[in-house]
Amino acid sequence: MRKGPVAAFMALMCVVCALAGMTLRAAAALLAALSMPSLLNGVAAWLAATLLIHLYAIMLHRTALRVIPLRAGQIESGSLQECVYQVYILFYLMVFNTLLRGGWLPIPLLRPLYLALGAQLGPNTYSSGIICDPLFVRVGANTMLGESSLLVPHVIEGGRLAHFPIVIGDGVTIGAHAVLLSDVTIGDHAIVAANSVVCKGARIGAGQVWGGSPARLLLEKSSTCAVEGRVG
């Protein structure tokens with residue numbers, strides 16, 4: 001980790017904390033004017049500060065990525081993209097990781113969090129697993145990412161670092177503990193069985209059922225009834 005990205009991250013977090021502090025002071029002054037100062041005491045103040053820090057961190061994180069985007073593809077050592085990536089990963093390791101991996105946020109609240117972090121999720125699509133690098137994940141409508149499933153759009157192999165998008169269609173079911181690696185594309189109404197590992201660059205067609213480690217084609221879903229009979 002280079003010093004420049006660490007310094008940039010620390011500067012952004014100082015701005016986050018300053019904004020959170022200003023908001024808390026303004027809220028306290030407003031409550032005092034309304035004769036309700038006790039509402040921001042003790043645990044309530046701590047919870048409010050934690051929420052504000054995360055909200056402002058998401059806002060500044062996304063703003064920074066709009067100014068200097070993190071692009072898909074190979075990241076060359078010593079490049080500007082490497083610096084952007086290092087700031088990006090510091091935000092995840094130091095700020096967002098507890099929210100995404102803590103297991104204490106209800107599934108309905110994970111959806112707006114992933115959307116705020118850049119994931120593209122269609123209507124009625126939810127994840128009870130973990131989406132790494134949400135910026136590089138696009139999921140269609142009515143899709144479920146099962147319990148403890150893992151989507152990993154990045155590649156870290158020795159000195160190689162890259163991001164390749166994961167694209168999932170409509171009406172897809174990703175089973176519990178399944179792992180999808182980078183550059184995977186899944187067509188509409190496909191199924192990935194539980195505990196499967198879908199390797200880099202895999203192309204799963206519409207209506208197909210894949211499973212295993214590494215995952216392979218198990219069934220062409222010719223009809224809903226046929227799938228229900230085989231899977232059940």
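Two strands count as paired when DSSP finds at least two bridges between them. Keep that in mind for the first view, and remember throughout that this is a predicted model.

**View 1. A small family of strands: the open sheet β1-β9-β8.** Here you're looking at an open sheet of 3 strands, in the order β1-β9-β8, and the pairing is antiparallel. The strands at the edges are β1 (73-74) and β8 (154-157); each has a single partner strand, so one side of each is left without a neighbour in the sheet. What holds strands of a sheet together in general? Strands pair through backbone hydrogen bonds, and they can do that in a parallel or an antiparallel way.

**View 2. Zooming in on the β8-β9 hairpin.** β8 and β9 (residues 160-163) run antiparallel and are joined by 4 bridges. Want one pair to find for yourself? Look for Ile 156, whose bridge partner in β9 is Leu 161. The two strands form a hairpin with 2 residues between them. In the turn, check out Gly 158, which has a positive phi of about 65°.

**View 3. A helix with a bend: α3 and what comes next.** Follow α3 along and you'll hit a kink of about 60°, centred on Val 95. Just after α3 comes Gly 103, and this residue takes a positive phi of about 80°.

**View 4. Inside the largest pocket.** The largest pocket has a volume of about 420 Å³. It is lined by 16 residues, and the closest to its centre are Leu 51, His 54, Leu 99, Trp 104 and Leu 105. Three helices, α2 (43-67), α3 (80-101) and α4 (107-116), are the elements that give two or more residues to the lining. Which helix gives the largest share of the lining? That's α2, with 8 residues. Sort the lining by class and you get 13 nonpolar residues, 3 polar ones and no charged ones.

**View 5. Cysteines without a bond.** How many disulfides does the model have? The count comes to 0. Take Cys 14: the nearest cysteine sulfur belongs to Cys 17 and is 6.7 Å away, so Cys 14 is in no disulfide, as that would need the two sulfur atoms to be within 2.5 Å. Cys 199 is in no disulfide either, and the nearest cysteine sulfur, that of Cys 132, is 16 Å away. Is Cys 199 buried, partly exposed or exposed? Cys 199 is partly exposed, with a relative accessible area of 33%.

How values were computed:
Residues are numbered from 1 along each chain as its sequence is written. This is a predicted model: local features need pLDDT of at least 70, side-chain atom pairs count only at pLDDT 80 or more; totals for chains, interfaces and linings use all residues. Side-chain values use heavy atoms; hydrogens and water are left out. On a 1 Å grid over the protein atoms alone, a cavity is a set of points where a 1.4 Å probe fits but cannot get out, and a pocket is an open set with protein on both sides within 12 Å along at least five of seven lines; lining residues have an atom within 4 Å of a point. Grid points are joined across faces, edges and corners, and a volume is the space filled by probe spheres set on the points. Ala, Val, Leu, Ile, Met, Phe, Trp, Tyr, Cys and Pro count as nonpolar, Asp, Glu, Lys and Arg as charged, and the others, Gly among them, as polar. Buried means under 20% relative accessible area, exposed over 50%, partly exposed in between (1.4 Å probe, protein chains only). The bend at a residue is the angle between axes fitted to the seven residues ending there and the seven starting there.
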